[in-house]
Amino acid sequence: MDGATPSPSGGNLVANIMYFARTLRAAGLPVGPGRVLQAVEAVRAVGVGSRDDFYWTLHAVFVNRRDQRLIFDQAFHVFWRNPKLLERMMGLLLPELQVPREDGAEMSRRLAEALRAGQTDSASRPHEDKAEVDAAMTFSPREILQTKDFEKMSTAEMSAARDAVKKLALALAEKPTRRFAANPRGARIDMRATLRAQLRAGGLIALKRKDRAPRPPPLVVLCDISGSMSRYTRIFLHFLHAVINDRDRVHAFLFGTRLTNITRPLRTRDVDEALDKVAAAVEDWSGGTRIGQCLAEFNHRWSRRVLGQGAVVLFISDGLDRDAGVGLAREMERLHKSCGRLIWLNPLLRYAGFAPKSLGMKAILPHVDEFRPVHNLESLKAVVAALAESGTRRLGAAAEWAEMRKAG
Amino acid sequence: MASLPTSVADALALLAKGRYVADRSLATAVYLALSLKRPLFLEGEAGTGKTEVAKVLAERLGRKLIRLQCYEGLDVASAVYEWNYPRQMIEIRLAETGQESKGTVESEIFSDKFLIKRPLLQALEPDAAGPPVLLIDELDRTDEPFEAFLLEVLSDHQVSIPELGTIKATEPPIVVITSNRTREIHDALKRRCFYYWIDYPDAARELEILRLKAPGAPAELSRQVVAFVQKLRAAGELFKQPGIAETIDWAHALSQLDVLALTPEAINDTLGVLLKYQDDIAKIQGSEAERLLAQVKAELAAAQ
């Protein structure tokens, strides 16, 4: 960090802190006016003697999560380098601003957009024309980075999705938690409520009871978006959007050749806007599949953060894997052991006489608790019904599948 | 009783006197939390010394340390207060034999004598040495209802007990909240706090921590241990990277076994102290450990 320190004169500094907060807000950090006041108070307490201290003071106030650190870091270095530059920027006097970057490092896209705020987007995203190839039942040998446009949802589809949601609202079997709630037929006596009622009423002591309050467990959805699954992707995204907006403690991830967390983009209420945001966030649509690698990343980075409290994991994939199942069995085993229940939804199961021959599928099958088809809204409803019954955990849906084959 | 630090350097010195080796950035967050009287929110992987900060603060400032260990289903009865029901019922029984009026009995039953005070209520009580340090450990283990309740308590520093009234703290306690990030804490709670992510230390800092916490280990062993652990973390393939607590444990274990310098056999024997997942141990044991050790020795030799 170079030696330039911000100006010590009170009024200027406060205004600068406010502008800085606005930049951060535009870049996506949730910074409200309360925080700005807190920041000013904090800076007054610590003083502006050293740039390091100033950095960490603002960091302690404005940063809430570990992933916000990078944006904050870049914003701080750009902003507090040259206050005059900043004033000009804020006055929007320059049509296009060339912000000098340290050693050619790429500024994060969000921050760059925030600093160019207010100017019209001259370079619109390039629309690529691609031939619609029915890539079902295949897996692509190379990674294709593509953008994807979603057609808007039709009214019929919208109502069908709403039906599915209504059913979902009752589904996902509740598990008892450790929290107690009043329940007249409960197993335990609630001493607190009993004595409190006693105070009011007097006479014979009426025993109040309590029992464990049930609650649906968290849900984590891992959805394959490679080329072979492309025709189902849209319907799954609608399903995911409905689920995420219906309940809390849902996380959604898309994977193809890389893993992307789409929980936040999908939280937007309007389904078309949500899908647009998802399309922008994900880069490997309809490309190849590398299930093992993506699962390894999930296990490493996300599993301990989202699989708490006995989560149910929905794994939506056809099991066709470019890496031919290398390392897949181990990652699947770890995933199975980290969650409460693992359900595999496979659109290929719709074909009669389906047999899991590919190495990828054979690697996955021993480690799932349930194995179900899903290729249209009908089977989705069946899946929803399945989630409603609390299935016991079974190690090896393969055994059940073998029975199914024997039966017919 | 020591007074609160008056500057960031002061806070850094305070932590150092408590044998806690901290970055200036952590000292800044600590100083802000102490002087502006807001909670300090420490997030980080397990074994990075979050709980230790609260303990050191309590010890150096001469305050009582009140610890609330969070778990799923933590409710008001376990966190704030509970009435001593059996005693109350006996008291009612005894009073029935006497001639006292209902009103007297009532006021006696719901008095301080029968109140069991749990950590949050204890933290609000006045203390001769000054407001205590309230450590809310592993907040990510509880659920949202408790977080909402905590939000209320932390903003007003008061709890209301229906039978007794509102109990308000004369001086707000020093609150330190830790989280392992197995669940995202709601922004509403984090907003009130000064946030800090405690990362794994770099080589220099880890070496100093080892010097303070494992003084029995020979200097050469400490250097090798630190270099080895830094390499393990840098490789990034482990499911759970070893934290600073594991490094200290490993140094203790090795010096207990009278190991003067790392050898592949010593590493293989004691790997369970450093790594806690079988997958990780399988990855590192044997040839990988040998390779890393050879690299460590080469680098240390070159540095000298």
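**Exercise 1. Salt bridges**

Task: In this predicted model, find which residues are linked with A:Arg65 in a network of salt bridges, then examine the pairs A:Glu283 with A:Arg258 and B:Glu144 with B:Arg183.

Solution:
- Start with the network: A:Arg65 is linked there with A:Arg305, B:Glu43, B:Glu184, B:Asp187 and B:Lys190. Over all chains, the whole structure holds 28 salt bridges.
- Now take A:Glu283 and A:Arg258, whose side chains meet at 2.7 Å, N to O. This pair links distant parts of the chain, 25 residues apart: A:Glu283 lies in the loop between α11 and α12 of chain A, and A:Arg258 in the loop between β5 and β6 of chain A.
- Check exposure next, with partly exposed running between 20% and 50% relative accessible area. A:Glu283, at 42%, is therefore partly exposed, and A:Arg258 counts as partly exposed at 32%.
- Finally, the closest N and O atoms of B:Glu144 and B:Arg183 are 3.4 Å apart. Here B:Glu144 sits in helix α8 of chain B and B:Arg183 in the loop between β8 and α9 of chain B, 39 residues apart. B:Arg183 is buried because its relative accessibility is 9%, and buried means under 20%.

**Exercise 2. One helix, two faces**

Task: Work out why the buried residues of α10(B) line one face of the helix.

Solution:
- List the buried residues of α10 (203-213) in chain B: B:Arg205, B:Glu206, B:Ile209 and B:Leu210.
- Look down the helix axis: these buried residues of α10(B) fall within an arc of 140°, so they line one face.
- Recall the general spacing: an α-helix has 3.6 residues a turn, so residues three or four places apart point the same way.
- Turn to the face directed away from the buried side of α10(B), which carries the exposed B:Ala204 and B:Arg211.
- Identify the packing partners: the buried residues of α10(B) pack against α11 (219-235) and α12 (244-256) of chain B.

**Exercise 3. Sheet edges**

Task: In the chain A sheet ordered β1-β3-β2, decide which strands stand at the edges.

Solution:
- Read the order of this open, antiparallel sheet: β1-β3-β2.
- β1 (175-182) and β2 (188-189) of chain A each have a single partner strand, so each is an edge strand with one side left without a neighbour in the sheet.
- Look at one pairing: β2(A) and β3(A) are joined over 2 bridges, and A:Arg188 has A:Lys210 in β3(A) as its bridge partner.

**Exercise 4. The cores**

Task: How many residues has the largest nonpolar core, and which helix gives its largest share?

Solution:
- The largest nonpolar core has 96 residues; A:Phe72, A:Trp80 and B:Ile136 are among those with the most contacts inside it.
- Helix α2 (24-35) of chain B supplies the largest share, 8 residues.
- A second, separate core has 31 residues, including B:Val21 and B:Leu254.

Key:
Residues numbered from 1 in each chain as written. Chains lettered and ligands numbered in written order. Predicted model: local features only at pLDDT ≥ 70, side-chain atom pairs only at ≥ 80, totals over all residues. Heavy atoms only, no water. Buried < 20%, exposed > 50% of the residue type's maximum accessible area, 1.4 Å probe, protein only. Helix = DSSP H or I, 4+ residues; strand = E, 2+ residues; numbered from the N terminus. Arc of directions from axis to C-beta. Contact = heavy atoms within 4.5 Å. Pairing = 2+ DSSP bridges. Core = buried A, V, L, I, M, F, W, Y, C linked by side-chain atoms within 4.5 Å. Salt bridge = Lys/Arg side-chain N within 4 Å of Asp/Glu carboxyl O.
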